[in-house]
Amino acid sequence: MSVIAAFYGGKSILITGATGFMGKVLVEKLLRTSPDLKVIYILVRPKSGQSLQQRVSQMINCKLFEKAKEICPNILEKIKPIYSDLTKPDLGISKEDLEELLCHTNIIFHCAATVRFDDPLRHALQLNVIATQQLLLMASQMSKLEVFIHFSTAYSNCNLKYIDEVIYPCSVEPKQLIDSVEWLDDSIIEEITPKLIENRPNTYTYTKALGEMVVFQEGRNLNVAIIRPSIVGASWQEPFPGWVDNLNGPSGLIIAAGKGFLRALKTTPRAVADVVPVDLVINLTLAVGWHTAVHRPKSILIYHCTSGSLNPLLWTDMGFHVLATFEKAPLEKAFRRPNADFTTNKFAMQFWNTLSHVAPAVMYDFYLRLTGRKPRMAKLMNRMLKTISMLDYFTNRSWEWSTYNTEMLMSQLNNEDQKLFNFDVRHLNWLEYTENYCLGVKKYLLKEDMAGIPEAKRHLRMLRNTYYLFNTVLFLIIWRFFIARSQMARNIWYFVVSLCYKFLSYFRASSTFRH
Ligand SMILES: CCCCCCCCCCCCCCCC(=O)SCCNC(=O)CCNC(=O)[C@H](O)C(C)(C)COP(=O)(O)OP(=O)(O)OC[C@H]1O[C@@H](n2cnc3c(N)ncnc32)[C@H](O)[C@@H]1OP(=O)(O)O
Ligand SMILES: NC(=O)C1=CN([C@@H]2O[C@H](COP(=O)(O)OP(=O)(O)OC[C@H]3O[C@@H](n4cnc5c(N)ncnc54)[C@H](OP(=O)(O)O)[C@@H]3O)[C@@H](O)[C@H]2O)C=CC1
């Protein structure tokens, strides 16, 4: 019998960020494995003109929830959306809703965050730190609260090489910073941001570290645990392989590679791609929720959800797996044939950027202009180059995370739970996973039909022939140019032609002789 699934039965669970990538998988798994849970309160903001109810309907009508709906037919009654904007005072929650939450909530999963790397410090602070602080305050008034699970990232301390399951203090106290940004002008905040984040690459990792400090300082009287996943990718097994719904992490670049936009990447040869499947992260999270509620550890435990130390995958290997998959099942209407050069050298990367990224985009835009259409490729390419440069920090470094707590937890699960809430990354086959990831990107993100693969292959063949033709014409033009100007080039040309002629005559003569 599953102890973890039984634990969530009859519980009222509050989830922030339920409409996000990980939040959806969390809601789905809870409903699938504990259909007898009482209610899941989800804090949602209206978005793109959709009401809260419309957002919930859209969420549960996606393929991800198909199995959960079979197991839990009254799924709509189980999910209660609560209006909330985490950037507003008191999280924008109405008095009545607040009362209900304070009276009934047993478990909180705090998933919401801004994961953008380029967010201004003020906004990132608002969501990743102040909202966490306010949620903790709210949690401290909940009479039935058993556990508070906070989602952080394994990269919150990416300024270190070895990262332990502890909270590392930042040089500035979160409270001081929160007070300061209240009266500081945006331009001044922008100016001091590089000094504050020190040797971290962006405001995301910095504010996630501050968020952990806030949890440590203000969650002491609560029963809290922190999950630190590394790079979260598509699902491995549950509810089916390859599910993914946004462009974050590797997904965007997998598309870019499949469409033939991304043709070169700077990465150190031994740099580890610390990817973890989303279902594995959610399984660990649910196990941590159960363990923390039942065992009530004396201090806040941190759980690293990483793959590098147990089952490492290199970025270059992942790249080759991606290319191999798109060879078998190409994306539709690719810009160029998928191919990639991995380089460690900054100058080589600049060379490849010019040759493989910028030049084809500029040429294609020229062609679009000639045919009376609006050029768009250079703009797209610049966006992709910006994204690559933002991810460069992560594809060129490796970290080591300790996993004592995660391993301790694994050893405490019974056989049934080890299967139902599997978070053992050692059993993962990266080749198979990457293949499913790419197919998932094709089906669920790009909504491409698998029946279109023969046409996509034809398109790639056409691109290959165009490429050969283009190169031949280019070679002939350049050669013609040299022949016209240089006696030496002419001599080489005549020498090569006469050599070819002699070989041909020789083979023809010898084959006539044999007959
Ligand atoms: C050969 C294969 C090897 C694979 C090799 C992979 C290496 C991959 C390393 C990952 C390493 C992460 C390690 C941290 C792990 C965490 O803990 S963080 C959680 C993950 N967070 C992220 O990944 C967020 C990263 N993204 C961002 O911060 C922002 O999107 C960027 C990169 C700054 C771009 O900002 P922007 O220029 O304002 O663009 P934005 O409005 O976001 O989107 C503009 C367009 O680009 C598209 N786009 C957005 N993001 C992406 C993306 N990542 N890729 C492509 N297109 C994108 C959007 O769809 C949008 O298109 P339109 O809708 O306009 O048509
Ligand atoms: N994805 C990854 O690779 C990793 C993620 N993490 C952490 O996991 C957690 C979940 O990440 P992920 O699911 O990928 O993120 P997403 O960007 O997919 O989801 C973010 C969620 O936060 C909600 N949210 C954002 N701003 C607000 C707001 N002002 N008010 C209310 N809700 C808001 C979003 O709601 P809406 O739908 O309305 O936008 C969405 O539900 C985060 O804490 C992140 O730091 C950690 C490591 C890696």
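**Entry 1: Ser230 and its contacts**

I looked up what Ser230 touches in this predicted model. Leaving aside residues up to four places away in sequence, I found contacts with Ala154, Tyr155, Asp274, Val276, Cys305, Thr306 and Ser307. With one of these residues, Asp274, the side chain of Ser230 makes a polar contact of 2.8 Å. I then located Ser230 along the chain: it sits in the loop that runs between strand E7 (224-229) and strand E8 (231-233). Is Ser230 buried or exposed? Its relative accessibility is 8%, and because the limit for a buried residue is under 20%, Ser230 counts as buried.

**Entry 2: Salt bridges**

I searched the whole structure for salt bridges and recorded 19 of them. As background, I noted that side chains of opposite charge can pair when their charged atoms come close.

I began with Arg228, a residue of strand E7. Arg228 pairs with Glu212, and their closest N and O atoms are 2.8 Å apart. Glu212 belongs to helix H10, so this salt bridge ties together parts that are 16 residues apart in sequence. Both Arg228 and Glu212 are buried.

Next I examined Glu218, whose side chain meets that of Lys175 in a salt bridge with an N to O distance of 4.0 Å. Which parts of the chain does this pair link? Glu218 is in helix H10 (residues 203-218) and Lys175 is in helix H8 (residues 174-183), so I recorded a link between distant parts of the chain, 43 residues apart. Glu218 has a relative accessibility of 29% and counts as partly exposed. Lys175, at 46%, also counts as partly exposed.

I also noted a salt bridge between Asp118 and Arg116, with 3.1 Å between the closest N and O atoms. Asp118 is partly exposed, at 33% relative accessibility. Finally, I found a network of salt bridges that links Glu28, Lys29, Arg32 and Glu238.

**Entry 3: The surroundings of ligand 1**

I asked how many residues surround ligand 1. There are 25, and the closest are Arg116, Phe117, Leu247, Gly249 and Arg383. Arg116 is thus listed here and is also the salt-bridge partner of Asp118.

I sorted the shell by residue type and obtained 13 nonpolar, eight polar and four charged residues. I then checked individual atoms. A polar backbone atom of Phe117 is 2.8 Å from an oxygen atom of ligand 1. A backbone N or O atom of Val115 lies 3.3 Å from a nitrogen atom of the ligand. In the side chain of Tyr204, an N or O atom is 3.4 Å from an oxygen atom of ligand 1.

On its own, ligand 1 has 1300 Å² of accessible area, and the protein covers 78% of it. Which elements give two or more residues to the shell? They are helix H11 (250-258), helix H13 (315-328) and helix H15 (377-395). H15 gives the most, with seven residues.

**Entry 4: The protein as a whole**

I closed with the overall figures. The secondary structure comprises 20 helices and 13 strands. Of the 515 residues, 52% are buried. Along the principal axes, the C-alpha atoms fill a box of roughly 95 × 55 × 45 Å. The accessible surface is about 25500 Å², and carbon and sulfur atoms account for 58% of it. Among contacts between residues at least 6 apart in sequence, I recorded that 84% join residues at least 24 apart.

Note on methods. Residues numbered from 1 in each chain as written. Chains lettered and ligands numbered in written order. Predicted model: local features only at pLDDT ≥ 70, side-chain atom pairs only at ≥ 80, totals over all residues. Heavy atoms only, no water. Helix = DSSP H or I, 4+ residues; strand = E, 2+ residues; numbered from the N terminus. Buried < 20%, exposed > 50% of the residue type's maximum accessible area, 1.4 Å probe, protein only. Polar contact = N/O pair within 3.5 Å; in protein donor to acceptor, adjacent residues only side chain to side chain. Contact = heavy atoms within 4.5 Å. Near = heavy atom within 4 Å. Areas by Shrake-Rupley, 256 points an atom, 1.4 Å probe, with all protein chains shown as cover. Nonpolar A, V, L, I, M, F, W, Y, C, P; charged D, E, K, R; others polar.
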